[in-house]
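Let's take a walk through this one together, with the viewer open. We'll pick a starting spot in the interior and work outwards from there.

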Amino acid sequence: GSRPLWLEAAADSAKGGLDRRHRFAMGNGLFSKEAAGKLPTGGSSVTVEAHCSHNGQCVSFSEHKGHAVTAQWTAAQLHVAIEVLTGVHRQCQRLMFRGRLMEPDSTLQSMLGCDPEKLPGRRIKLYLYVDRHRFPQKLGPFSLVSVPLKGGDFELPQVADECRRCGFYWDLSRNVLEGHGLQARSERITGQVSPLHPVTLEQADRGQGSVPPDAQDFVWSYPVEHWQSVESDAYSMERWEHISDGTAAMKSFLSVGGFMYFGAKNEVVGVVTVGRPQDGESGDIFFDEPKAWLPEWTVALLEQGRFQTCTIKAFADLGAELCLWLRPKEVIEGADGNPLPVQPEVPHGGFVYLFHSDMLSLDKAETALDRYFAVLPGPPDPEPNDCSVSGTPKLFRPFTLTDGDPFPMASGGERLAPFFDEDEEDTDCSGVLGASFTMTTPVHTAASTPASSSAWGSPRRSLFQ
């Protein structure tokens with residue numbers, strides 16, 4: 001099989017720099033090639049049992065990828081093996097023993113304090129604390145902000161049955177972009193959307209999600225491939241006061257994506273983009289806990305070209321390569337045109353994230369983290385530290401992206417939102433997060449592949465049920 005992503009350190013030939021897999025491998029001590037790469041062969045062989053906090057299950061292992069686990073294994077090396085077995089990302093793991101945290105370079109023997117050969121069965125029991133409040137153990141919530149694009153701005157194809165099944169592409173001309181304060185280097189830009197689906201929200205629930213009252217169908221519009229060819233240009237704007245809100249939302253729509261809503265005549269009646277909620281806000285779109293993404297689902301969707309490069313920096317830095325929007329109640333068909341026996345559970349749609357670029361890879365070490373997040377019909381039960389408030393002006397905090405020029409602004413209906421970094425902890429309500437806004441250019445790659453059957457799960461529902 002191919003090498004795991006965290007051992008890859010390939011140069012990006014197109015840019016002459018490090019690709020995101022290399023950045024992921026070199027991120028910090030926990031993820032470094034040196035820390036988790038070469039496995040020790042010396043020391044007494046042992047069996048490790050890890051009791052998982054997120055689902056109450058126990059995983060036991062005495063070898064990984066053909067290498068026996070020994071007392072000289074470090075926490076960083078154990079994290080890699082546990083990631084494959086459980087589907088829990090290394091950065092969301094904390095291993096505890098004797099009331100102490102295992103640091104990345106701590107060995108089993110140093111934590112044990114004696115030679116494990118003296119232990120009956122050479123078995124060491126660790127406690128695995130799983131951080132369920134950060135990606136990829138959690139997605140969202142997202143805020144939704146209107147994008148100032150009208151139906152006549154888009155050049156659309158004739159919406160036929162094939163468009164509803166596989167999606168389609170749209171164009172925006174240079175004149176339209178310049179009318180919104182964006183200067184294009186090319187005559188037009190082109191975007192891809194997911195298959196059409198009827199809006200599932202009731203009329204009474206549409207206001208909070210920025211869904212137009214006359215919307216009948218909607219799609220997810222992916223990041224455009226050449227968004228970097230579009231720059232802010234205040235002198236081209238018809239109304240300069242719009243530069244603080246519309247321009248930021250426009251650039252977020254082009255670089256991150258957003259939802260497009262269609263009326264009864266297949267005309268665009270509204271466009272929104274996604275961002276992070278401002279401190280004190282609960283958000284507009286919420287997601288269930290992650291579930292495992294199966295290999296056969298990836299293969300079935302390969303021919304439609306729906307997997308796109310992940311452009312959100314915090315996700316890409318953790319190894320997320322590709323993403324896809326699943327329409328509500330999506331039914332995935334096999335090569336014979338019949339529905340596959342097992343289907344993703346997405347009554348309101350959801351996002352898929354793949355952590356490798358080879359769409360046909362069956363290497364469990366690569367596919368173990370592949371997952372999807374189903375959209376919830378409303379906010380989940382509030383956490384004990386939830387301090388969201390209502391009645392405050394809505395701010396737009398765009399997602400940080402990678403490999404590009406800094407974004408000039410972030411905005412909301414009436415106020416500019418401060419810049420932020422998704423890597424910052426978001427569990428308290430003190431102060432404002434600060435950061436840079438950097439973008440990445442989506443690059444079309446034949447990406448993706450399956451998931452693994454691991455011990456993922458939660459107290460409520462196994463990820464494999």
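A good place to land is Glu330, which makes a salt bridge with Arg327, with 3.7 Å between the closest N and O atoms. Both of these residues, Glu330 and Arg327, are buried. Before going further, keep in mind that what you're looking at is a predicted model, so we'll come back to how confident the predictor was.

Glu330 has another partner, too: its side chain meets that of Arg306 in a salt bridge, at 2.9 Å from N to O. Here the chain is being tied together across some distance in sequence, since Glu330 sits in the loop between strand 22 (322–326) and strand 23 (350–354), while Arg306 sits in the loop between helix 8 (295–302) and strand 21 (308–309), 24 residues apart. How buried are the two ends? Glu330 has a relative accessible area of 4%, so it counts as buried, and Arg306 is buried as well, at 0% relative accessibility.

Now compare that with a pair in another setting. Arg174 also forms a salt bridge, with Glu187, and the closest N and O atoms there are 3.6 Å apart. This one links distant parts of the chain as well: Arg174 belongs to helix 6 (residues 174–179), and Glu187 to the loop between strand 13 (182–184) and strand 14 (188–192), with 13 residues separating them. Are these side chains buried or exposed? Arg174 comes out as partly exposed, at 25% relative accessibility, whereas Glu187 is exposed, at 53%. In total, a search of the whole structure turns up eleven salt bridges.

Next, have a look at helix 7, which spans residues 246–255 and is mostly covered, with ten of its ten residues buried. Among those buried residues are Lys251, Met250, Phe253 and Leu254, along with small ones to click on such as Gly246 and Ala248. In general, an α-helix has 3.6 residues a turn, so residues three or four places apart point the same way. For helix 7, though, the buried set takes in every residue, ten of ten.

Just after helix 7 comes Gly257, whose phi is positive, near 115°. Gly257 also gives us a handle on another part of the chain: its backbone oxygen lies 2.8 Å from a polar atom of the Thr273 side chain. Thr273 itself is found in strand 19, residues 268–275, and with a relative accessibility of 0% it counts as buried.

Another threonine worth a click is Thr311, in the loop between strand 21 and helix 9 (313–316). Thr311 is buried, with 3% relative accessible area. If you measure from C-alpha to C-alpha, Thr311 and Phe399 are 9.0 Å apart in space, although their positions lie 88 residues apart in sequence.

Time to move to the surface. Where should you look for a nonpolar patch? Val299, Leu302 and Leu360 form one, with about 240 Å² of accessible area together. Leu302 lies in helix 8 and is partly exposed, at 31% relative accessibility. Patch members need over 30% relative accessible area, so Leu302 makes the cut.

Zooming out, the protein chain holds ten helices and 24 strands. Of its 465 residues, 53% are buried. Among contacts with a separation of 6 or more, 71% are between residues 24 or more positions apart. The chain exposes about 20,200 Å², and carbon and sulfur atoms supply 51% of that.

Finally, that promised word on confidence. The chain's average pLDDT is 75, and 68% of the residues score at least 70. Confidence is highest in strand 24 (residues 371–374), at 98, and lowest in strand 1 (residues 11–12), where the mean is 30. Towards the end of the numbering, pLDDT stays under 50 over residues 386–392, a stretch with seven contacts beyond four places in sequence. It also stays under 50 over residues 405–465, for which the model has 232 such contacts. Where pLDDT is low, the predicted coordinates should not be read in detail.

Technical notes:
Residues are numbered from 1 along each chain as its sequence is written. This is a predicted model: local features need pLDDT of at least 70, side-chain atom pairs count only at pLDDT 80 or more; totals for chains, interfaces and linings use all residues. Side-chain values use heavy atoms; hydrogens and water are left out. A salt bridge is a side-chain nitrogen of Lys or Arg within 4 Å of a carboxyl oxygen of Asp or Glu. Helices (H or I, at least four residues) and strands (E, at least two) are DSSP runs, numbered from the N terminus. Buried means under 20% relative accessible area, exposed over 50%, partly exposed in between (1.4 Å probe, protein chains only). pLDDT is the predictor's confidence in each residue, from 0 to 100. Contact means heavy atoms within 4.5 Å. A polar contact is a pair of N or O atoms within 3.5 Å; within protein, one must be able to donate a hydrogen and the other to accept it, and residues adjacent in sequence count only if both atoms are side-chain atoms. Patches are made of residues with over 30% relative accessible area and no salt bridge: like charges are joined within 9 Å, nonpolar side chains (Val, Leu, Ile, Met, Phe, Trp, Tyr) within 5 Å. Accessible areas come from the Shrake-Rupley method with a 1.4 Å probe; for residues, only the protein chains shown count as cover.
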